[in-house]
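Thanks for coming. I have one model to go through today, and I will keep to what can be read from it.

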Amino acid sequence: MQEEIQKMKEIVLIYLDRSGGLQKFVHDCKKYNDSKQSYAVYRFIISINPSDIAELDATLGNYILHNPIKAAEIFQSVCFVAIKTLSLIEQLQTEAQISILLKPTHLPPLPSYVLSLSAFPFNYTSHRFYMSEGIVIAMGIVTKYTQGARFLCTEETCPFSEGFRYIRVHLPGATESATVRNDFVCSLCSSALQEDMKFRVLGDKQIVEMIDAKVLNALKGYSNNKSHFRIQTFTVFLRDELANRMTIGDHYKFIGIPTCVQNGPQATACIEVSSVQLCKPNGPSFIGENFKYLLSVTSESCWRFTAILANIFASQVVPPGTCNTLKLALLLSLVQTCEKESADYLDLLVVTSDALVIDRLLNYSICLLPRGIRHPSSSDIFPSVSKDKHGTGSASIQACSVLLAKGGICYIGDLCTYKKDKLELLQSVLESRTTTLFIPGKKYGEEADQQVTISVQTNFWSYVDVGSSSKKHIPKDSFLIGQMDLSLLPPNLLDVFGLLIYDEFPSCRLSFPLVHHVLKKAINPEATLYRVSQQFRTQDYEEFILFAKNLHVEMSSEAENLIQGYYLASRRVRRDSMHGSNLSASALKILISLSKAHTKLSLRKKVLEEDALIAVLLLESSLTLKHGKSALCIEPNAVFPFDLSNETSLQQRDIYLRKCHYQLLKFISAYGPGIHVNTNEE
């Protein structure tokens, strides 16, 4: 056995020399030596490539993968000899003072090295490296733990009453009491050991709660997936350089050692992480053949492809041709989702008298994204703070629907069901795209209060059921032409929602196709009622949206001029002497977001005037519902003025939109302050 250990030590030295690890080790030693300070523990991080190690020596490779604590002892011995031989750290006295952390770059891509967080049983007894992944749903604040400590014998005549014989170092999964406590005894004279507090080494520790990514399917509220699975949170420890490496709501892959931590009568399975990698979902690099064909046959017009997409979208929930404006808005919002802090967000608020159909449509749509979340009424929309459940008493930030929907859609249901304080918080988040948590230090064992600001990177969907609202409100006495009674909600909240859409099929006069669809689906939920449902399946739309949302688009100067001209002209027109302009400052961002979204949906990379026109018509329709008609005076269903039943109706829509374009140019010329636009008539 000793010969085998000696051989592995030689292989360790060869590997460190070949991989550049020895040079890094010498550099780390120099920093310790230059400090001229004596430490109880000298900590070294060594990056290990298991494949390279296994090629040099299979036994050592097996140790690293299946007995990492024993492997670290072998590296510790080699490093101690190197330090003493090369005189790298003058202050170092014993081998026990060296703490080695082995961090594998990867693990073999085999099932036995993957730890499934939703499978049973959870293997935490082997104390070896595993790969796993999950989503962060709770995160504690960074606290301190004992990285290493020096103990001395209390018997003055004992040789171990001085020096660095007794060094306690943290091991993966160990609690604080395993490293530091008062019942250790001297192995030479059996006297009690006492810690030399001057040499205690502290490190950073962060406790994170994670859950399997499958939980996202359970939070959609609607899914075609009939499989059942078990979901349970698990605890992850991030220490030292890994503290604050995770962000709440993000998806990570990591390598770590599972273990079991005893906290009183309770035992918690946890993972001591050695490396972390953020998971970035890669969208498909293709779209379905039917979409490609549809794009080719509609290439003569910049409006037809998206019109047909909206017309046939969600045929599993509503008949083709119904709710086209809403379905177009949903598609635009779906492709305008990403995980950037400076993203162009597109929030939707639907006004309806038929909440059942709208709820089904919105529920179906969020399932097209990996991060589409339906907010359950029993939980919080925004993050909250609670005490850490592992007995530390420190603060833990709990995730919520908004953070789980990062880079996707958070569907929050009927706004009228929320209380005033929740609506005010929602308004604040929509305005700033951040949420702030106050952590009182006294309550959570900290010296000072803390304030944590979390970025909110999601689109919000909601609706207002004006037909069956339980809230009492006083309707307005008078309305402008086209204006709706939206006094159920605060005006400022309406302004921060990017787009207000009116459902054109209130329950008092449901169309025959919609009634027929609902009855057919009630009798046979699995039935395919339309041919387009087979040609353009839900999976095809999922791939299409994931492809379109990853397109990078740029604004053309013509589109910029049209948007800027409409914005300035509308600010001048929509103004009263008491309150100033009715057009909020965010309207310009909404116009740009809508234009880019229509470009992505059209599978183009440059925003044209045609895209800007659709954006203007959608926003003007929204403003008309809030404030009444303006001098632009568009049709009630401005984007879809009539049914799209054949190619002739598509041609008529193109002619109508060109007239709207010319009408918009005249509006800008008349009311835009100094804006020059090209009003060339055909």
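Let me start with one residue: is Ala-314 buried or exposed? Ala-314 is buried, with a relative accessible area of 1%. Before I go on, please keep in mind that this is a predicted model.

Ala-314 sits in the loop between α9 and α10. Its backbone is worth a look, since phi of Ala-314 is positive, about 55°, although the residue is not a glycine. As background, most residues other than glycine have a negative phi.

Phe-313 is found in that loop too, between α9, residues 304-312, and α10, residues 324-335. Phe-313 counts as buried because its relative accessibility is 0%, and the cut-off for buried is under 20%. What does Phe-313 contact, leaving aside its neighbours within four places in sequence? The list is Lys-327, Leu-331, Leu-334, Tyr-364, Ser-365, Leu-368 and Tyr-541. On the path of the loop, Phe-313 and Cys-323 are ten residues apart along the chain, and their C-alpha atoms are separated by 9.8 Å.

A positive phi turns up at Asp-240 as well, with a value near 55°, and this residue is not a glycine either. Asp-240 belongs to the loop between β8, residues 234-239, and β9, residues 251-263. With a relative accessible area of 13%, Asp-240 is buried.

Now the chain as a whole. It has 21 helices and 23 strands. Of its 682 residues, 52% count as buried. If we take contacts between residues at least 6 apart in sequence, 74% of them join residues at least 24 apart.

Next, a sheet. In what order do the five strands of the open sheet run? The order is β12-β15-β18-β11-β19, and the pairing is parallel. At the edges are β12, residues 372-374, and β19, residues 499-502, each of which pairs on one side only. From one strand to the next, the twist averages 20°.

Inside that sheet, β15, residues 409-414, pairs with β18, residues 459-465, over four bridges in the parallel sense. For Asp-414, the bridge partner in β18 is Tyr-463. Helix α11, residues 355-366, lies across β11, β12, β15 and β18, and runs at about 170° to β18.

On to the cavities. How many of 30 Å³ or more does the structure hold? There are three. The largest cavity has about 70 Å³ of space. Its lining includes Asp-495, Phe-497, Gly-498, Asn-582, Leu-583 and Ser-584, along with Ala-587, Ile-590, Leu-619, Leu-623, Lys-626 and His-627. Two elements give two or more residues to this lining, α19, residues 587-601, and α20, residues 609-627. Of the elements, α20 gives the most, with four residues. By class, the lining of the largest cavity has six nonpolar, four polar and two charged residues.

One last residue, from helix α19, is Lys-596. Why does Lys-596 count as buried? Its relative accessible area is 19%, and the cut-off is under 20%, so Lys-596 counts as buried. Not counting residues up to four places away in sequence, Lys-596 touches Gln-336, Asp-344, Val-553, Met-555 and Val-607.

That is what I have. Happy to go back to any part of it.

Conventions. Residues are numbered from 1 along each chain as its sequence is written. This is a predicted model: local features need pLDDT of at least 70, side-chain atom pairs count only at pLDDT 80 or more; totals for chains, interfaces and linings use all residues. Side-chain values use heavy atoms; hydrogens and water are left out. On a 1 Å grid over the protein atoms alone, a cavity is a set of points where a 1.4 Å probe fits but cannot get out, and a pocket is an open set with protein on both sides within 12 Å along at least five of seven lines; lining residues have an atom within 4 Å of a point. Grid points are joined across faces, edges and corners, and a volume is the space filled by probe spheres set on the points. Ala, Val, Leu, Ile, Met, Phe, Trp, Tyr, Cys and Pro count as nonpolar, Asp, Glu, Lys and Arg as charged, and the others, Gly among them, as polar. Two strands pair if DSSP finds at least two bridges between them. Axes are lines fitted to C-alpha atoms, for helices over the stretch in contact, and angles run from 0 to 180 degrees between N-to-C directions. Contact means heavy atoms within 4.5 Å. Buried means under 20% relative accessible area, exposed over 50%, partly exposed in between (1.4 Å probe, protein chains only).
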